[in-house]
Amino acid sequence: MSHPDYRLNLRPLGTPRGTSSLAGPRGVGASPGDKKSKSKTIRGKKKSIFETYLSKEDVSEGLKRGTLIQGVLRINPKKFHEAFIPSPDGDRDIFIDGVVARNRALNGDLVVVNLLPEEQLKVIKPESDDKETEGAYESDLPEELCGSHLLQQSLKGYNDSPDVIIEAQFDDSDSEDGRGNTQNALVDGVKKLSVCVHAKGKEDAGAPVTKDENTFMSQDTRALPEKSLQRSAKVVYILEKKHSRAATGFLKLLADRNSELFRKYALFSPSDHRVPRIYVPLKDCPQDFVTRPKDYANTLFICRIVDWKEDCNFALGQLAKSLGQAGEIEPETEGILTEYGVDFSDFSSEVLECLPQGLPWTIPPEEFSKRRDLRKDCVFTIDPSTARDLDDALSCKPVADGNFEVGVHIADVSYFVPEGSSLDKVAAERATSVYLVQKVVPMLPRLLCEELCSLNPMTDKLTFSVIWTLTPKGKLKLVFTLDHETGLPQGCHIYEYRDSNKLVEEFMLLANMAVARKIHCTFPERALLRRHPPPQTKMLNDLVEFCDQMGLPMDFSSAGALHKSLMETFGDDKYSRAQKEVLTNMCSRPMQMASYFCSGVLQGQAQLRHYALNVPLYTHFTSPIRRFADVLVHRLLAATLGYRELPDVEPDALQKQADHCNDRRMASKRVQELSASLFFAILVKESGPLESEAMVMGVLSQAFDVLVLRYGVQKRVYCNALPLRSYRFQKVGKKPELTLVWEPEDAEQEPAQQVVSIFSLVEVVLRAETTALKYSAILKRPGTEGLLDWQDELEEEQD
C-alpha cells in the first residue's frame with residue numbers, strides 16, 4: 001500500500017548501476033554509459049526516463065498479430081545491464097540492453113517486448129564467448145537428468161574433501177571483468193595490463209582491457225553475416241510481476257544533505273545488483289539512523305518495492321524488516337527466502353485442523369473395499385536412515401510363470417488434502433518444499449509428512465501403486481491399482497550414488513511415464529504433464545562444432561545418444577570425471593527448461609515430448625509430499641481408476657496451476673543454490689584460503705570459469721586480479737584460448753606463459769572477501785609450490 005509521500009515528484013539522483021543513460025524523447029535510444037545525457041524539463045514537467053507501457057488492448061492485439069513477443073525476462077547475474085528472453089523459434093535468445101530497455105521489469109517477470117529495427121541489432125564480435133551472448137540460465141539441465149550425480153563422482157578420489165558436498169554454482173555478484181567485486185583479491189604490485197593480439201588482431205595492441213566483447217553498432221548490419229547478429233528488443237508491458245519485489249540489502253544516507261529528499265528518504269542498496277536502488281521513507285528506518293548511519297553499515301534489511309515511476313531512476317519502497325548482521329547464517333537465509341517469495345511461516349491452526357486429530361490414525365474400514373491389499377507383500381524403502389518423509393517404496397516378487405511383479409508405491413497424500421480446504425490452498429501456494437543446507441521449508445505440515453503419509457516400517461499406509469509384470473530380461477505389461485502397504489526392511493544410509501540409487505531412480509522414472517500415459521489417455525485435455533523442449537539450435541550447433549574440433553565423438557542426435565556418448569567417451573579416473581562434468585555443463589547451456597503444462601493447451605504430439613528422457617509423455621507422480629504437481633496428478637489418477645470424480649478444473653485453470661508450480665520450482669532451486677553458496681562462503685571465510693586443482697569450463701576475453709575439483713564449485717577467475725604482464729585472447733575455430741604472460745617474481749627471470757582453454761588443468765586459491773560474505777578465485781602462478789601435483793596424485797591413485 002503506497003504512502004502519500006510516494007506521490008512526490010522525485011528528482012532522479014544520477015544513473016543507477018547497469019542503466020543506460022537518460023534517453024531520447026521516449027526514453028530509448030541513447031547508448032549505454034552516455035554520461036552527458038541529462039534530465040530536462042518539458043513545459044514544466046520532467047522528461048520520462050522509461051516509456052509508458054502499452055495498453056492491454058494494444059498488447060493483446062500485438063501478440064495476436066505477432067508484432068510483439070512475450071517471454072520470461074532473465075537478467076544476466078554477471079552483467080546486470082544485459083537481459084534476455086527466449087526466442088519463440090528456439091534460436092538465439094532476444095537481447096535487451098540496459099535498465100531503460102528493461103522498462104522497470106525485474107528478473108523472472110513475464111514481459112512483452114517489441115523488436116528493435118535492424119540497425120539496432122546486437123553485433124556479436126567474433127571473439128565473444130557464446131554463453132555470454134545468451135541468457136544466463138542458472139542451470140537448465142532438467143531434474144530428470146540430474147540424478148547421475150556426476151559432480152559427486154568426480155570428487156570421489158579426495159579423502160580430505162568435506163563431509164557435505166555442495167553442488168556447483170556461480171557467485172551471482174561476478175561480472176565479466178570483475179570490477180567492483182575483486183578489489184580484495186587483487187595481488188599487490190600488479191602493473192597496468194596491456195593486450196597482445198593474435199594474427200587476426202581484434203583489438204589494438206597495448207589498449208587497456210575495458211571493452212565489452214559484445215557491442216551495439218550503428219553500421220550497416222546488412223553487410224554482416226547473419227550469425228554475427230542477435231535480435232534485440234525493449235520491454236513494452238509487464239504481463240505478470242513474478243519477481244517478489246523484495247530484496248535484501250543495506251541502508252545509506254543520500255549524498256546531497258541539502259536536498260528536499262535527504263529530509264524524507266534514505267537510499268536502500270540491494271545486494272542483488274539486478275534490483276534497482278530504492279528510496280525508502282526515513283520514518284521506516286531506525287530512529288537514530290540519520291545521526292548514526294555507521295552503526296547500521298553491516299545491518300541487513302529487507303525492502304519491498306511499491307512503485308517505480310517513469311521519471312525516476314530509482315524505485316520507491318517500504319522497509320519491511322531488519323534481519324540482523326550481514327554474514328550470519330540465519331539473517332542471510334531469511335533474506336534469501338524472502339527475496340524469492342518462499343513462505344516459511346508456521347502452518348496456521350486452521351490448516352492443521354484439516355488433518356486427523358486423533359492419533360495414532362488408522363485406515364477407515366471403507367477404504368479396504370476400494371483398494372488392493374498388499375500388506376502381505378515385501379515392500380521396502382531405499383532411503384538414508386535419517387530420512388523422515390518416506391513417500392516412495394518398491395516391491396519385487398516372482399510369479400508362477402517365471403516372470404516378476406515389480407511395484408512402485410507412492411504415499412497417497414491427496415487422501416489427506418481435500419480440494420478447496422485450507423490445507424489444499426496453502427500447499428498449492430507453496431507448491432514445493434524448499435531444501436536448504438541446514439533445514440527444510442516443507443510444503444505440508446510435519447504431521448502429514450512424517451506420520452500420516454510416511455511409509456514407515458510396520459505401519460499400514462495408503463498408497464498409489466504402479467505394478468509391472470516383467471520378464472527376467474526386464475520387459476510386457478502395466479497394471480494400475482490403488483492400495484496401501486507396509487515397508488518391511490529398514491532403509492540403509494547411502495552416501496555415494498550407488499546401484500541402489502540408480503535402481504530407485506529408474507523405477508521412479510518408469511512410474512512417472514506410466515502414470516503420464518494413463519492420465520493422458522483417459523483425460524487428453526486435462527492431463528497435467530511435464531515437457532522438455534529440444535535444445536536451442538544455434539547453441540547446440542556451436543557445441544557440435546566445438547566437440548568435433550576437440551576430437552570428442554559426441555552423438556547429439558537425441559538425449560539418449562548424448563548421454564551414452566558422455567558415458568562411453570570418458571574413463572573413470574579423476575581427470576576423465578572432471579572432463580565429463582565440464583562437458584555435461586556445456587551440454588546443459590543449450591537446454592531449455594522443463595516445465596509442467598496442461599495437455600489441453602498445446603497442439604500436436606511433438607509439443608508434449610520430454611526431450612531429455614526421450615519419451616512422448618512424462619509427468620511427476622512420485623513425490624507428493626514435496627511437490628504439489630504430484631498431488632494434482634494423484635487426483636487425476638484417482639479419477640481414471642474410478643476412485644473419485646474428475647477434479648472440476650478447466651484446462652486454462654489447470655495451466656495456471658502448472659505455471660505457478662513452475663515458478664515455485666525455479667525459486668526453490670535458486671534458493672537451494674544460494675543456501676549452499678552461503679555455507680560455502682562461510683567455509684572459505686572460516687577455513688580459507690583454500691587451494692585446489694580446477695578444470696577450465698569456459699574462456700572469455702578477460703576471464704575464465706573453472707570447476708574447483710576438490711569442492712565442486714564453479715568460479716570465475718579474472719585476468720585483472722592476477723600479476724600478469726599481458727594476456728591475449730583468441731579463438732581457434734570454436735575453441736577460445738587465453739594466453740597469460742606472468743610478471744616474473746625475479747627481475748632476472750623470463751616471463752612465464754600459460755595457455756588457458758577448456759579442459760585445461762589449473763591451480764586456484766579461494767579466499768574470502770572482507771566487505772561481504774563472498775569469496776573470489778585466484779589462479780596460482782605456474783610452478784608455485786604448495787599444491788598437489790595432479791599427475792603424481794593420479795599415478796598414486798592408479799597404483
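This report covers the overall make-up, cores, sheets, one helix and the cysteines of a predicted model.

**Basis**

Residues are numbered from 1 along each chain as its sequence is written, and side-chain values use heavy atoms, with hydrogens and water left out. Because the model is predicted, local features need pLDDT of at least 70 and side-chain atom pairs count only at pLDDT 80 or more, while totals for chains, interfaces and linings use all residues.

**Overall make-up**

The chain holds 15 helices and 35 strands. Both are DSSP runs numbered from the N terminus: helices are H or I with at least four residues, strands E with at least two. Of the 799 residues, 54% count as buried. Buried means under 20% relative accessible area, exposed over 50%, and partly exposed in between (1.4 Å probe, protein chains only). The accessible surface of the chain is about 36400 Å², and 50% of that belongs to carbon and sulfur atoms. Areas come from the Shrake-Rupley method with a 1.4 Å probe; for residues, only the protein chains shown count as cover.

**Nonpolar cores**

A nonpolar core is a set of buried Ala, Val, Leu, Ile, Met, Phe, Trp, Tyr and Cys residues joined through side-chain atoms within 4.5 Å. The largest one has 65 residues. Val413, Leu444, Leu448, Leu528 and Phe621 touch the most other members. Helix α13 (residues 628-640) gives the most to this core, with nine residues. A second, separate core of 59 residues includes Leu552, Ala578, Met586 and Phe680.

What does leucine 444 touch, leaving out residues up to four places away in sequence? Its partners are Phe347, Val413, Val417, Leu423, Ala427, Cys449, Pro624 and Ile625. Contact here means heavy atoms within 4.5 Å.

Two of these partners, Leu423 and Ala427, are also among the buried residues of helix α7 (residues 422-430). The others in that buried set are Asp424, Val426 and Arg430. They pack against α5 (349-352), β23 (440-441), α8 (446-452), α13 and α14 (651-687). Alanine 431 follows α7, with a positive phi near 70°.

**Sheets and strand pairs**

Two strands pair if DSSP finds at least two bridges between them. One open sheet has three strands in the order β3-β7-β12, with antiparallel pairing. Its edge strands are β3 (68-72) and β12 (233-240), each paired on one side only. The twist averages 30° from one strand to the next. Helix α1 (residues 56-65) packs on this sheet and touches β3, β7 and β12; its direction makes about 95° with that of β3. Axes are lines fitted to C-alpha atoms, for helices over the stretch in contact, and angles run from 0 to 180 degrees between N-to-C directions.

A further open sheet of three strands runs β4-β5-β6, also described as antiparallel. β4 (74-75) and β6 (94-97) stand at the edges with a single partner strand each, so one side of each is left without a neighbour in the sheet.

Three antiparallel pairs are listed here.

| Pair | Bridges | Facing residues |
|---|---|---|
| β7 (residues 110-115) and β12 | Six | Valine 111 and isoleucine 238 |
| β4 and β5 (residues 82-85) | Two | Isoleucine 75 and alanine 83 |
| β26 (residues 528-531) and β27 | Four | Leucine 528 and cysteine 598 |

Strand β27 (residues 595-598) has Ser595 and Phe597 pointing one way, and Tyr596 and Cys598 the other way; all are buried. In a regular strand the side chains alternate between the two faces of the sheet.

**Cysteines**

How many disulfides does the structure hold? There are zero disulfides, a disulfide being a pair of cysteine sulfur atoms within 2.5 Å. For cysteine 285, the nearest cysteine sulfur is that of cysteine 303, 8.9 Å away. Cysteine 285 is buried, with a relative accessible area of 8%. Why is cysteine 378 without a bond? Its sulfur is too far from the closest cysteine sulfur, in cysteine 396, at 9.5 Å. Cysteine 378 is partly exposed, at 40% relative accessible area.

**Two contacts across the sequence**

Phenylalanine 464 is in strand β24 (residues 461-470) and is buried, with a relative accessible area of 1%. Its C-alpha atom is 5.8 Å from that of aspartate 412, 52 residues apart along the chain. Glutamate 686, in helix α14, is exposed at 61%. Its C-alpha atom and that of alanine 768 are separated by 8.6 Å, with the two residues 82 apart along the chain.
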